[in-house]
Amino acid sequence: MSRPPFITFEGTEGCGKSTQVQQLSVRLEERGIPFLVTREPGGTPIGETIKELLQFAPQGIGMTPETELLLFEASRSQLVRQTIKPALARGICVISDRFFDSTTVYQGAARKLDPQTVERLNAFAVGDCIPDVTFVLDVDADTARARMQKPRRPDRMEQEPAEFYEQVRRAYRQLVAREPNRVVLIDGSRSAADIGDELWATLVRRFPAVAGKSEIGNLSEPSAPTSQRPKSGM
Ligand SMILES: Nc1ncnc2c1ncn2[C@@H]1O[C@H](COP(=O)(O)OP(=O)(O)O)[C@@H](O)[C@H]1O
Ligand SMILES: [Mg+2]
């Protein structure tokens, strides 16, 4: 392949995204594959400021869905141009904890903004920067809730009612049906280790270069692996 893969993780809060991002990072590191981990919203100084406003700032209460959509896209446009595209161009594999599918699902399906407008804004924000593979970790509401029992700062999305959760889950499944070549549904109810094994098998099948030192490694700079780990939310 001409460049290393751009991999994204999606799913409801508590489905295990950050856990799997971490496990995948370990595997890539072991094999000497240069990679970069980022997340949405956030991942850049501008994006992290937008994230605070979107998720935790008291001023966020009363935010309209339209404003929310535009802020996510603003964070995303910055991340794509400042971080993701330059990394891929240097031969570095990029892993993002959430990306534009989260907007399709949360702002489109769950907040009920016009889906075509959401898709247009997604396209404007990312340009040609489309993930090569997207893993959707699918768990039911009870499992996700149980996993979120440990102390953490609940963001605005996590305070939504159960119906919101179901809409999000359904929309993710529809996405898998719509784009089966890119989006892979993973049963997230199993152990983290089993899920990690399945993810890895899928990746190696699709991108044999991630299995070991290879064309990807040869394209990168000697200081790799590069890892920009999220400060929190893991
Ligand atoms: N497959 C799994 N089985 C059981 N617990 C898990 C699994 N994956 C993650 N967890 C735990 O569930 C919690 C939420 O996982 P996390 O990876 O932070 O989810 P997300 O990033 O999707 O919100 C964490 O405490 C994590 O250790
Ligand atoms: Mg997380």
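This is a short tour of the model, stop by stop, with something to select at each one.

**The whole chain**

Before you click on anything, keep in mind that this is a predicted model. Start with a cartoon of the full protein chain, which has 9 helices and 5 strands. Trace the chain from the N terminus and the elements come up as β-α-β-α-α-β-α-α-β-α-α-β-α-α. If you colour by burial, 38% of the 234 residues count as buried.

**Ligand 1 and its shell**

Now select ligand 1 and show what lies around it. How many residues surround ligand 1? There are 13, and the closest are G16, K17, S18, T19 and R147. By residue type, the shell divides into 3 nonpolar, 6 polar and 4 charged.

Next, show the helices that contribute to this shell. Helix 1 (17-30) and helix 8 (192-206) each bring at least two residues to it. Which helix gives the most? Helix 1 does, with 3 residues.

**Helix 1 against helix 8**

Keep those two helices on screen and hide the rest. For a packed pair like this, the two things to look at are the angle between the axes and the distance between them. The axes of helix 1 and helix 8 come within 10 Å and cross at roughly 60°. That angle is why helix 1 and helix 8 count as oblique to each other. Turn the view until one lies over the other: the crossing of helix 1 and helix 8 is right-handed.

**Helix 4 against helix 7**

Swap to a second pair, helix 4 (residues 100-110) and helix 7 (residues 162-178). Their axes come within 9 Å and cross at roughly 130°. Helix 4 and helix 7 are therefore oblique to each other. Which hand does the crossing of helix 4 and helix 7 have, left or right? It's right-handed.

**The nonpolar core**

Bring the whole chain back and select the largest nonpolar core, a set of 48 residues. To find the members that touch the most others, pick F35, C93, V94, I95, V136 and L137. Then add helix 3 (residues 65-89), which supplies the largest share of this core, 6 residues.

**Along the strands**

Go to F9 in strand 1 (residues 6-10). F9 counts as buried because 27 C-beta neighbours lie inside 10 Å. Draw a distance from the C-alpha atom of F9 to that of P131 and you get 9.9 Å, although these two residues are 122 residues apart along the chain.

Move on to strand 4 (residues 133-138) and select D138. Is D138 buried or exposed? With 21 C-beta neighbours inside 10 Å, where 20 or more are needed, D138 counts as buried. T12 is the partner to select here: the C-alpha atoms of D138 and T12 are separated by 7.7 Å, with their positions 126 residues apart along the chain.

Strand 5 (residues 183-187) holds the next stop, D187. This one counts as exposed, because D187 has 11 C-beta neighbours inside 10 Å. From D187, jump to V136: their C-alpha atoms are separated by 8.5 Å, and the two sit 51 residues apart along the chain. You have already met V136, among the core residues that touch the most other members.

**Backbone oddities in the loops**

Finish with the backbone in stick view. As a reminder, most residues other than glycine have a negative phi, and most peptide bonds are trans. The next three stops depart from that.

- Zoom in on the peptide bond from E40 to P41, which is cis, with omega near -15°. P41 belongs to the loop between strand 2 (35-39) and helix 2 (45-55).
- Select R98, in the loop between strand 3 (93-97) and helix 4. R98 isn't a glycine, yet its phi is positive, about 80°. R98 counts as buried because 25 C-beta neighbours fall inside 10 Å.
- Then take K112, in the loop between helix 4 and helix 5 (115-126). Phi of K112 is near 65°, again a positive value in a residue other than glycine. Buried or exposed, where does K112 fall? K112 is exposed, since there are 10 other C-beta atoms within 10 Å.

Technical notes
Residues are numbered from 1 along each chain as its sequence is written. Chains are lettered from A and ligands numbered from 1 in the order in which they are written. This is a predicted model: local features need pLDDT of at least 70, side-chain atom pairs count only at pLDDT 80 or more; totals for chains, interfaces and linings use all residues. A residue is near a molecule or strand if its C-beta atom, placed from the backbone, lies within 6 Å of it. Helices (H or I, at least four residues) and strands (E, at least two) are DSSP runs, numbered from the N terminus. Ala, Val, Leu, Ile, Met, Phe, Trp, Tyr, Cys and Pro count as nonpolar, Asp, Glu, Lys and Arg as charged, and the others, Gly among them, as polar. A nonpolar core is a set of buried Ala, Val, Leu, Ile, Met, Phe, Trp, Tyr and Cys residues joined through C-beta atoms within 7 Å. A residue is buried if 20 or more other C-beta atoms lie within 10 Å of its own, exposed if 12 or fewer, and partly exposed in between; C-beta atoms are placed from the backbone. Axes are lines fitted to C-alpha atoms, for helices over the stretch in contact, and angles run from 0 to 180 degrees between N-to-C directions. Angles under 35 degrees count as roughly parallel, over 145 as roughly antiparallel, 65 to 115 as roughly perpendicular and the rest as oblique. A crossing is left-handed if the near helix is turned anticlockwise from the far one by less than a right angle, and right-handed if clockwise.
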